[in-house]
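User: I am in my first year and would like a close look at one part of this structure, namely the helices that pack together in the second chain. Could you take me through that part slowly and then set it beside the rest?

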Amino acid sequence: MKKFNLSLVTGALLASSAAFAQVTAITNATVHTMTDKGVLKDATVLIEDGKIIAINPSSVSADVTIDAQDKILTPGFIGSMNQVGLVEVGAVSRSNDGYDKKASAMFDASTAFNPRSSLIPYARKGGLTQNVVVPRGGESIFSGLSFVTDLTGDFESVTATETALIVRLGAKSSGSRAVSLKQLVDKLEGQQKKLAKKDKKEDKKDEPSKEEQVLTKVLKGELPVITKVSRASDILELLKVKKQFGLNLVLWNAEDAPLVKTQISESNTPVILSAVSNLPSDFDSLHASLETAGELEKAGVKVLLAVGSDSSHNVYQLRFDAGIAVANGMSHDGALKAVTSNIADVFGLNAGKVAKGQRADLVLWSADPFEFSTSIESMWINGEKVNTNDSRHDKLRDRYNTPSDMPRAYTK
Amino acid sequence: MQKFAMSTVVLALAAALSGCQDKGPQKEFVSIEKNPYPSTYKPVSNKSVLITDATVLTGTGERLESADVYIVDGKIQQVGKDLAVQADTTVDAAGKWVTPGIIDVHSHLGAYPSPSVESHQDGNEMISPNTAEVWVEHSVWPQDPGFNRAREGGITTLQILPGSANLFGGRAVTLKNVPAHTMQAMKFPEAPYGLKMACGENPKRVYGRKGVAPYTRMGNMAGYRQAWIEATEYKAAWEQYEAAYKAGLNPTAPERDIKYDTLRGVLDGEILIHNHCYKAEEMAMMIDLSKEFGYHAGTFHHGIEAYKVADLLAENGNCAALWPDWWGFKMEAYDMVQENVAIVDAVKNSCAVVHSDSDTTIQRLNQEAAKIMYTANQNGFNLTEEHAIKWITYNAAKSLGVADKTGSLEAGKQADVVIWDKNPFSVYSKAQEVYVDGAKVYDRNDEKYQAVSDFMLGQR
């Protein structure tokens, strides 16, 4: 994974802001740290220069103090497995950059990311501060590489690239799934052999190709391999591949996972799923259930929640999906982790936790973050306060909901 | 093509007028059977049920605390506090909430079922811009596991619609969400038929791509108008035949055309329009279109921009069936606002409905309504649960033309009832028990009342 120099980004942000190194104190907060410190009551969180510099310091000296009045402070939620910033309108082909017919393991769409997309201010309404963008890929089983952005909507908001390799396996509308799996195994074996030869060779001047670099990282377990797969038998085949090559494997969708939860748990394989997927959309997902997230959690599997259908335009729904997972057996704390720290862990992000030294991506909620009745009181991304009520949806609502004698076009 | 179709109708009409109207012995009167696939639905039980001590949202805008709901012979007998009645079954619903059965006016369950494999793509006859002749009930697979999932979310009535590729997609059907192995056994008795129409991008994309009309939005409008002209002629031909026959003449019946039977049904006020239509300017034109040909424009589905014409919809008595937040999948869905339903609803005489068009969100229309209510309240509205529940009960029933039968907990109405474990506007709420016509069709805590489709049985 390539991480971007934070201070450069921060510098750009703060260039427009008056006070450099301004200290913000959030006091009297109920802080869900998502660390082993658990939940801290009446806590104070100090932010400076984009980072959390202290939690419950002995003395507080801040330029800005926000009294949280016992309300809940969490890390910003993290969206994933969508094309936010790569798509504006689904059916407008010229606004789509997440798909390319020739996409391969090297496909990195991060340079196509549009931070000015209208999807971004809307995504913030769900308490999301960062997002993992996954290309839709093309004809290959390899869809490409994921990248991560913050949701400020500012230029330079890509925070990391090459965070995972995306692979799609399982049912195919033409041809056999066996061939797809073999393509994956062949690629890995091929690269393994190249590396073995190279170790013997003295001459290491040959610069490896981009694909070779990606596959080498995969073989070293440095680059997670997110594999979209559903059927239980396919999951077991993949677990064999994981073992054979020492992959950092992550299962995505995995509707049939409850059937093989022990094997998934024993192999320490995280699962990314949609909490509301409960229909047998094909013969690969006959066991889709609302209870899957909770069942996997109880089996000791690291669960990550991602919004399923229309995952780009409505990634804001993530918090509601988490609530539905809780209603169907997941623990509240487990669901919070599934939308914060577990995502950060899998993708190697400095996010998803409230801890000293962490990036200050925080949300102060009016109440339980998963409830419909709860609203966002304040949001900080990289230590800067951001607006959650300034999408073009808000502007349209206000235009048509404000009495005026003039045509609506004059209400701005 | 359209032109030729028209002249066929004109010929038929001419034949009816000038044809054998001699005064000889009358041939058998030719009548059109309007209900050839009748409902065989029968309520499962006729035992009386008393649900006690619940927070009751009646569907008429009222909220009663610690109230009872008394069901006799499948009908709501009484709703109120401390009812002094005896019932075959009493359900203690203390701490729980009770609402009318939830109604989804826009579903494709059965026609686009799970699993969504090649053999199951039965929801849209995409061969011509006008397929008013197809009836989606003929595509419904009652074993779609989605029906069971929807029931577990409190859905007791749903309208199945054909898809939106065509200007006229065909007849829609309203079903009672009861487990059955024939479509007729789910069919809502005496519910009017619907006719699916579609505005905008879909028809012009599907047919324009094939190089046939409509290629543009103006092509869409021309297509509707041409069809209504033909339907008007068809209706006149039959009415003249009927009148002549009644006058003792011996006319020849016009040639039967099931496409025009359906369009005539709309002109006669027997079939209700359900119009997939996203944009403000298109809804305004569809209302004018209905006035041009003398029918009612019905319910606008997916009206992403309904909030821009909320006054117009209310003035003309049009329901708007809307999502809380779907957007951006095509240009006509770009101007979404999360308060769309609330803005439409705020106008006097409005009819705001929350619909799903999804096998997933149909399972939680209560929560779809909750999203709207709370977002709107954060932006200046003052909506309550007892009001918002109407979007998925009473108003939905009105849209389907069954508000005299279901959609609220009022004496005499069909006892379609949901018991929720908590406030149904909470993300954590789940339907506990679901009743259709007074019969328990789902119980979260009793496997006996958890239906499994044939398709899922024995899968491992």
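Analyst: What follows starts with a group of helices in chain B, then turns to the contact between the chains, and ends with chain A. Please keep in mind that this is a predicted model, and that the values below are computed from it.

A good place to begin is helix α3 of chain B, which covers residues 201–208. Within this helix, B:N202, B:P203, B:K204, B:V206 and B:Y207 are buried, and the buried residues of α3(B) pack against two elements of chain B, namely β9 (194–198) and α4 (217–246). On the general side, an α-helix has 3.6 residues a turn, so residues three or four places apart point the same way. Between α3 and α4 of chain B there is a loop, and B:P214 is located in that loop. The peptide bond that joins B:A213 to B:P214 is cis, with omega at about 0°.

Helix α4 of chain B also packs with helix α5 (residues 258–267), at an angle of about 85° and with the two axes 9 Å apart. Angles of 65 to 115 degrees count as roughly perpendicular, and α4(B) and α5(B) are therefore roughly perpendicular to each other. On the α4(B) side, the residues that take part are B:A227, B:E230, B:A231, B:T232, B:Y234 and B:K235, and they meet B:Y260, B:L263, B:R264 and B:L267 in α5(B). Sorted by class, the residues of this contact are 6 nonpolar, 1 polar and 3 charged.

Elsewhere in chain B there is a cis peptide bond from B:S114 to B:P115, with omega near -10°, and B:P115 sits in the loop between β6 (102–107) and α2 (145–152). From the record, an unreviewed UniProt entry places the feature "domain: Amidohydrolase-related" at residues 375–428 of chain B. This span is 26% helix and 7% strand, and its end C-alpha atoms lie 18 Å apart.

Chain B also touches chain A, with 37 residues of chain B in contact with 32 residues of chain A. On the chain A side, the elements that give two or more residues are α8 (318–327) and α11 (392–400), and the largest share, 5 residues, comes from α8(A). By class, this side of chain A has 17 nonpolar, 11 polar and 4 charged residues.

Looking at chain A as a whole, one finds 11 helices and 17 strands, and 51% of its 412 residues count as buried. A compact globule with 412 residues would have a radius of gyration near 22 Å, and chain A, with 22 Å, agrees with this. Its C-alpha trace spans about 65 × 50 × 45 Å along the principal axes.

Finally, two residues in loops of chain A can be set side by side. A:M34 is not a glycine and yet has a positive phi of about 60°, and it lies in the loop between β2 (23–32) and β3 (39–48). A:N268, also not a glycine, has a positive phi of about 50°, and its place is the loop between α6 (261–266) and β13 (271–273). A:M34 counts as buried because it has 24 C-beta neighbours inside 10 Å, whereas A:N268 counts as exposed because it has 12.

How values were computed:
Residues numbered from 1 in each chain as written. Chains lettered and ligands numbered in written order. Predicted model: local features only at pLDDT ≥ 70, side-chain atom pairs only at ≥ 80, totals over all residues. Contact = placed C-beta atoms within 7 Å. Helix = DSSP H or I, 4+ residues; strand = E, 2+ residues; numbered from the N terminus. Nonpolar A, V, L, I, M, F, W, Y, C, P; charged D, E, K, R; others polar. Buried ≥ 20, exposed ≤ 12 C-beta atoms within 10 Å, placed from the backbone. Axes fitted to C-alpha atoms, helices over the stretch in contact; angles between N-to-C directions. Parallel < 35°, antiparallel > 145°, perpendicular 65-115°, else oblique. Rg over C-alpha atoms; globule rule 2.2 N^0.38 Å. UniProt positions renumbered as here; feature names shortened; annotations may be inferred.
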